Amino acid sequence: MPEDSEWLPPFTKQKGIYGPEDTIRILLATDNHIGYNERDPIRGQDSINTFREILDLAVKHKVDFILLAGDLFHENKPSRDCLYQVTALLREYTLGDKPIEVELKSDPDQGKAAGYSFPAINYEDPNFNVAIPVFSIHGNHDDPQGAGQEGALCALDVLSVSGLINYMGKFDIPVTSGSNPSNPGGTSHRTNGATANNAPDPTAEQGIQIKPVLMRKGKTLLGMYGVGNVKDQRMHVELLRNNVKMFMPKDRDDWFNLLLVHQNRAKRGPQEYVPEGLFDDSVDLVVWGHEHDCRIVPEEVAGKKYYITQPGSSVATSLADGEAIEKHVALLQIQGKKFHMQPLPLRTVRPFVIESISLLDEAESSDLDITSQIEITQFLKRKANELIDMANDQWEERMKAIEAEQEQDEESGHRTKFPQRMLPLIRLKVDTTGVTETSNPIRFGQEFSNRVANPRDMLVFTRSRKSTAGARSRAANAGAEVELSIDNEENEMLSSAEKLAKVRVGTLVEEYLKAQELQLLGERGMGDAIRIFVEKDDIHAIETHVEKSLKTLIKSVSPNEDVEILEDDVIELLAEARKQQDQEYADKEQERGNKRGKGKEKAKAMAEQDEEMDSMMEDVDMGDAGDFNSDFDEDDEPPPPPKKRGAAASKAKTTAATKAKASTSKTTAKAKAPAKKATATRGKKKAVESDDEDEDVAFDDDDDEEVEEVPPPVKKPTGRAAAFGSSQPAKKAPAKRAPAKGKGTQSTLAFAPSQRATSSRAAAGKARGKMVVDDDDDDDD
């Protein structure tokens, strides 16, 4: 830990101006995650034990108040056990006769529960004896939810009305526009933008508005601005639009302004984080919650006057590298416009050691046989024992530090308690690239069940991305090697020529464009323009793409007569327009890909259709036609009357009421229906095109129309068509597909109930609802 003079001038240089009576002492903590893994028999009480230690440190260092930057609870609805223990601890450590030395300068009723008389700040309530006030904002785990009469609520609201915590930073409940920013003592209403009778308030201001809690101790003035967690994208946009308004006193330069946030600090996407340099220039110190790795020493921000401190979590909620950093809280002391921060290590945190190894590297540096599962398991056991020994050494050093602190505490009368010995957390990450024989991680951990707190997940196997099955599959489908990044660690041993032989230009372009985080131009279109520039030597490809994209974007944000676009909405509209461009480009790429494969698929489909036609002509299903339903059925209409074959029989009309089900046969291309001769009909017609390009399926919608006589064909049909053919009325095909006279007729499909034929193969005519193609070469005159 660096000395104070290395990173910040200590305020002790202000002797003579400020004294101890002017020093505000604050204990900073964040991300306590009380209730995390509470059902675990070993780790279930870790979070509550550390929270107890934090409260004990506040008493030990005689702070004026405690400041929490979100995620006090791990869940939005904590269990009864969590609420019980937290309530009991807060009552035990924060209530008492110790006088409050900080004077509240803002309105104590600001943010109070609507409809009740008690103030929002608990030590202003005469019914409470508060010794150490606790101020907290909500995080992403314990944020307000629900839509009841009182609006969105969380566990902090319960603790607030009980008088144990001062809940601040519930910013998304707007204040009325009548409030005066120069008067931070104005009252905000917890009505979600509604008036007292729950009617929407048209004067409610937009954006994020933060009202401070103003305090004074001697000559030191402190303004605390809390911003509870919101979606990072919204916070990012509101900061860019300058819509985050902080209500500051008129003499803001005389105040030490402290800002609490609970957002992503690490960059996890184009707008999935909050940039460090977008806060108001009047801020002096930012306390950053949500990030769990401890960076508690204040860090300067380039181009800004304020510092950022990140205390980190007080309990490990994941077995990641950031959680293995030693956990701290901080003692913050403020005099005037200067501050001093003292990190305080937490002694009740469970020891955590993590290490990553590669079996291939170990095989090169030692005599490890990576083809032997037994030898690999023995090697991993030795590494696990080494990590356990390291964790035990950490615990011993911690106990020695507590002994040294006890000697100093004897003078103050406060004695630090020794925590009970805890099993450590161990995480061994093993890269198994190129190794086929590995052991079972759960079975491996069972041997350490009495020595570690997490035996089931202490061992994790990983594999290099290029060796995963998905990557191999993609490479095989593309007919090329797996694309590697030129900066990949796995390519460090390759020569420049070998790297260039394996790496594609398209891959490098894609990686570079993603790193630039383009705000206006889409990565897909820009990458394609660069590819055309390189492969086709089109020097205007990039310029043309940029001009076209910018014209589209400008058009999307240009105002018109009907809609007026505000300046604040331009960023959001540009983001939506870019997203739409990317989607349109992706659709075009998919369409082009489908067209490229359409030729081969069409040829294959035609061959399959020919085979299906032959099978339909030869195979006859003898099932009951009444069991099939056509997609074109009209249940209320009777089926068309069947006709007997021959000229004389074609004049007679027959009814087929007893065979109504036969008209409901399937009409798809692959379905089979009884064949009939094409005859001229009169009445309403409807033509339906089949899947086969050489066939037309005609369907008669009007079954009650009279059927005209049609002369019999000149030549008697032969083959199976004669066995199943019937002289049912034919359906007209579209004019453009009509066959020329004197030539072979185009095959026509029709649907009607089959009936007994007069040929020698009449027994087969009992099949109903089946489709047969008439291959008769004669014309139907």
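In which sense, parallel or antiparallel, do β13 and β15 pair, and over how many bridges? β13 and β15 pair in the parallel sense, over three bridges, where two strands are said to pair if DSSP finds at least two bridges between them, and where helices (H or I, at least four residues) and strands (E, at least two) are DSSP runs numbered from the N terminus.

Before going further, keep in mind that this is a predicted model, in which local features need pLDDT of at least 70 and side-chain atom pairs count only at pLDDT 80 or more, while totals for chains, interfaces and linings use all residues. Residues are numbered from 1 along each chain as its sequence is written, and side-chain values use heavy atoms, with hydrogens and water left out.

**Stop one: the seven-stranded sheet**

Select β15 (residues 307-310) and then display the sheet around it, an open one of seven strands in the order β3-β9-β10-β12-β13-β15-β14, with mixed pairing. Its edge strands are β3 (103-104) and β14 (295-300), each of which pairs on one side only.

On the β13 side of β15, pick out L285, which stands opposite Y307. On the β14 side, three bridges join β14 to β15, and these two strands run antiparallel; here E299 stands opposite I308, and the bridge partner of E300 is Y307. β14 and β15 form a hairpin with six residues between them, and in the turn G303 has a positive phi of about 80°.

Now show the side chains of β15: Y307 and T309 point one way from the strand, I308 and Q310 point the other way, and all are buried (buried means under 20% relative accessible area, exposed over 50%, and partly exposed in between, with a 1.4 Å probe and protein chains only).

**Stop two: salt bridges**

A search of the whole structure finds 18 salt bridges, each defined as a side-chain nitrogen of Lys or Arg within 4 Å of a carboxyl oxygen of Asp or Glu.

Select E103 and K105, which form a salt bridge whose closest N and O atoms are 3.8 Å apart. E103 is partly exposed, with a relative accessible area of 42%, and K105 likewise counts as partly exposed, at 40% relative accessibility.

Move next to E276 and R265, where the closest N and O atoms of the salt bridge are 2.7 Å apart. Both residues lie in the loop between β12 (256-262) and β13 (285-289), so the pair ties together parts that are 11 residues apart in sequence. E276 counts as partly exposed at 28% relative accessibility, whereas R265 counts as buried at 7%.

Then select D284 and K337, a salt bridge with its closest N and O atoms 2.9 Å apart. This pair links distant parts of the chain, 53 residues apart, with D284 in the loop between β12 and β13 and K337 in the loop between β16 (328-335) and β17 (338-345). D284 is buried, with a relative accessible area of 15%, while K337 counts as partly exposed at 34% relative accessibility. To finish this stop, display R265, E276, R295 and E299 together, since salt bridges that share partners join these residues into one network.

**Stop three: the six-stranded sheet**

Display the open sheet of six strands, which has the order β7-β4-β2-β1-β16-β17 and mixed pairing. β7 (166-167) and β17 stand at the edges with a single partner strand each, so one side of each is left without a neighbour in the sheet. Strand β1 (residues 24-29) and β16 pair in the antiparallel sense over five bridges, and L28 stands opposite A330 in β16.

**Stop four: helices α2 and α3**

Add α2, which lies across β1, β2 (65-68), β16 and β17 and runs at about 170° to β1; axes are lines fitted to C-alpha atoms, for helices over the stretch in contact, and angles run from 0 to 180 degrees between N-to-C directions.

Then select helix α2 (residues 46-60) together with helix α3 (residues 80-94), which pack at an angle of about 15° with their axes 10 Å apart. The two helices are therefore roughly parallel to each other, a term used for angles under 35 degrees, with those over 145 counting as roughly antiparallel, 65 to 115 as roughly perpendicular and the rest as oblique. For the contact (heavy atoms within 4.5 Å), show I48, F51, R52, L55, D56 and V59 of α2 against Q85, V86, L89, L90 and Y93 of α3.
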